[in-house]
Amino acid sequence: MHGVECIPMPPAGLFETDDSSSADAPTSFVRVAVERSLDLSEGLTYAGDDLAIGQRVTVPLGRGDAAAQGFVVAVGGPELLDGFDPRKVKHVRSASSTRLPEPLVELARWMSTYYCCPLGMVLATMVPAAVKASIGRRTITKLEPVPDPPAHGESDLDAHLTPTARAAWDAIRQIPAGDFPIAAKDLAHRVGATNAGPINKLVKLGVLREVTVETVRAPEAFWSESGAALSAPPELTSDQHAAVEGITKTLGSFAPHLLRGVTGSGKTEVYLRLIERVVASGQSAIVLVPEIALTPQTAERFLARFEHLGVAVLHSGLTGATRNKQWAAAASGAAKVVVGARSAVFAPVPNLGLIVVDEEHDQSYKQDQLPRYHARDVAVVRASIEHVPVVLGSATPSMESWHNAQTNRYTLWHLPARVAGLRMPAVEIVDMRAERKKRREQHGDPRTLESIGPTLASAIEQTLTAGGQAILLLNRRGFASYVACPDSNCGWVLGCDACDTRMVVHRAQARRAYVRCHHCLAEQLLPKTCPSCGKKVIELGSGTQRAEQEIERRFGTTLGLIEGETFARVDSDTMRRASDYFDLLARFGRGELKLLLGTQMLAKGLDYPNVRLVGVLNADTSIGVPDFRACERTFQLVTQVAGRAGRGRDPGRVIVQTMSPDEPAIRLAAQHDFETFAKRELATRHASQLPPRWRMARVIVRDRDHDAAEEHARDIARAVRAAADESVVVQGPAPCPIARVAEHFRFAIELFAPNPKSIQRALAAPRGAGLLKADARTAIDVDPVAVL
Ligand code: ADP
Ligand code: ZN
Ligand code: ZN
């Protein structure tokens, strides 16, 4: 489907000033996907010369000819017109120097179809905002020799040149052609001139000419100094060696690999070796990491190893100008290695050789706004378009990737043991019900609100006394997760006015306790009494703030644990900027901080040899979530955080506190038994016709008006059902698990099918008919990672 952006009939008096009505009809045309929610898969046709696929252009759009940005997606002659009068076609207004390589345009087409998002919006997503806004971009003037000097022949020059200019010209002619253009100042310096005089003379004589060059100026990317290992690369273990050799054999062709390696097995070293080979053959590599701000150590290892080759790092802590500069370095091929979070999958490297997706199971690879793409899956498709291998690595692969490896779509490589000298930590499951009983017997009172049981408490004492460090995980922000009336006959719970959620209690210093909704961010003061019966309220469900207080209260004097001085709380409330986290990790690395308490931020990639204890305060926080991936998440979280322990000489100890010690996800994580967990989990999913065997898409409709939302959802469901083949199961519309957010009612329609094509078709027809549009009211989520 495509459209032709034609000229609206001009008012009669202006007709002759319209130069496109002249006799010379244009002969070169392009199709442009504009950065609007126009869902035209082939773009709009415009007239324009000397344009290339992927180039970002400005075009007139609509009746008022408003300027719109877009990307050229096809270049050709009158065949792009489909019989439309060429003289009536509007012209491209201007072209920018930003250009996406052709494979990315192809990738965008795939994404547009697969994720149900207008092509122009997908292309716009591929280019960072700072690049589009040309932040830090400057045009500078440089010089180069004129191939055929106009006025003067070589013999004639002598007459016009001073001796110094003559000497300068001779020196310039010794400079290799590839070094030009060169800035005037640098050129004077290179030929040994003491000032710009001789150079200016040569310009005036027309033997040197000025050219303008675009560059991006930015301060150097700031980076933390936690002392990334600059030491010589280690000798590979035999498992690492097998993976490197096996994957190397597939360089130059499309091949997806899954590298499953337990925490500390040296997966990163495998990536580093592969990249060395790719770069040696003149190609570039892209490495995706979940979120650079959270995994600075991983990124630093790439920087340390490849600094001499040029590493572009794309992370959220960058200023616009730096981001633009890094993008330019990737686009020009100056950076051979690009390391970045989700959107780095679109790095415009000209000669791609390999893509690595580290921690491929991580949820942050899925973008939760338009286009709702999954960077891991996009990486696999890009690899197939560019005929290169892609390596997905994890200690806890997603069920999707594991299923693909089990069915031989991906080649599986396994690193079953930690690198030499490191052992897997021993994981103890502690039943919190028994712990509370023990504490009651010790103290004679319930102390039910304490987050740290006696077993973990004594482990903290032992570890810190012996000079070790500890990490405590509590995957819940705030002070208490809800406020309730203590009277079970009353049953009042404080909910958000705008959402179907409970308000979370926060206590900050110098501020009265307040409650906040984690969905719409509404806040109010913490009520003291129950509004229906007047009893004093209680705060239930401990979060990181309450655990922080508990640590100070219980270990402040005995172990000297003071928040901010000797231990730190790490969650999105305390870590506002990437640099906060970098600084904190540097202090932890130096041993100034003895203990970190925090949310899942702490489960990602930290590698500190002195961490001898990891405590999971409440392994149940993610089990109760009404999402079919709850068990998978729990398994991943426990395994990943446990993996932070035992990375030094001392074997690590891990204590997992739970109310459900028999829960398989927790038990199997404690036993480091991914395969059994995966087998069970896949069997359950398969029996319930859920991903990964079955594919899934969701359409969410939201509206302030309950009935309007439901009605719109019904219309969509009807259209989807009409378009779906018999393999597709369409469920709903039904209220979402969180039925109202920010005063909007939410309904979901869910599609399940054994293959993605059937889902595509079921969505494509209503989409083509304009019934199903991704907009403020409707979200289409293909392969959702969260179903709340
Ligand atoms: P993973 O990413 O699998 O958790 P890492 O790549 O972080 O594991 O490796 C853990 C540690 O072991 C790192 O400090 C790394 O430098 C080191 N390492 C990796 N490979 C080897 C090896 N073959 N011999 C010795 N040490 C290694
Ligand atoms: Zn709310
Ligand atoms: Zn009450």
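**Close-up 1. Gln 240 and the surroundings of ligand 1 in a predicted model.** A polar side-chain atom of Gln 240 lies 2.8 Å from a nitrogen atom of ligand 1, a polar contact being a pair of N or O atoms within 3.5 Å (within protein, one must be able to donate a hydrogen and the other to accept it, and residues adjacent in sequence count only if both atoms are side-chain atoms). Two oxygen contacts can be added to this picture: a backbone N or O atom of Thr 268 is 3.2 Å from an oxygen atom of ligand 1, and a polar side-chain atom of Arg 647 is 3.3 Å from an oxygen atom of the ligand. The protein covers 78% of the 560 Å² of accessible area that ligand 1 has on its own, as computed by the Shrake-Rupley method with a 1.4 Å probe. This is a predicted model, in which local features need pLDDT of at least 70 and side-chain atom pairs count only at pLDDT 80 or more, while totals for chains, interfaces and linings use all residues. Residues are numbered from 1 along each chain as its sequence is written, chains are lettered from A and ligands numbered from 1 in the order in which they are written, and side-chain values use heavy atoms, with hydrogens and water left out.

**Close-up 2. The shell around ligand 1.** Ligand 1 is surrounded by 17 residues, the closest being Glu 235, Gln 240, Gly 264, Lys 267 and Arg 301, where a residue is near if one of its heavy atoms lies within 4 Å. Helix α9 (residues 267–280) gives the most to this shell, with 3 residues; helices are DSSP runs of H or I with at least four residues, and strands are runs of E with at least two, numbered from the N terminus.

**Close-up 3. The crossing of helices α5 and α7.** The axes of α5 (residues 163–172) and α7 (residues 197–204) come within 9 Å and cross at roughly 80 degrees, the axes being lines fitted to C-alpha atoms over the stretch in contact, with angles from 0 to 180 degrees between N-to-C directions. Helix α5 is therefore roughly perpendicular to α7, a term for angles of 65 to 115 degrees. Among the residues making the contact (heavy atoms within 4.5 Å) are Trp 169 of α5 and Leu 202 of α7.

**Close-up 4. A cis peptide bond before Pro 733.** The peptide bond joining Gly 732 and Pro 733 is cis, with omega about 10 degrees, and Pro 733 lies in strand β28 (residues 729–741).

Key:
Angles under 35 degrees count as roughly parallel, over 145 as roughly antiparallel, 65 to 115 as roughly perpendicular and the rest as oblique.
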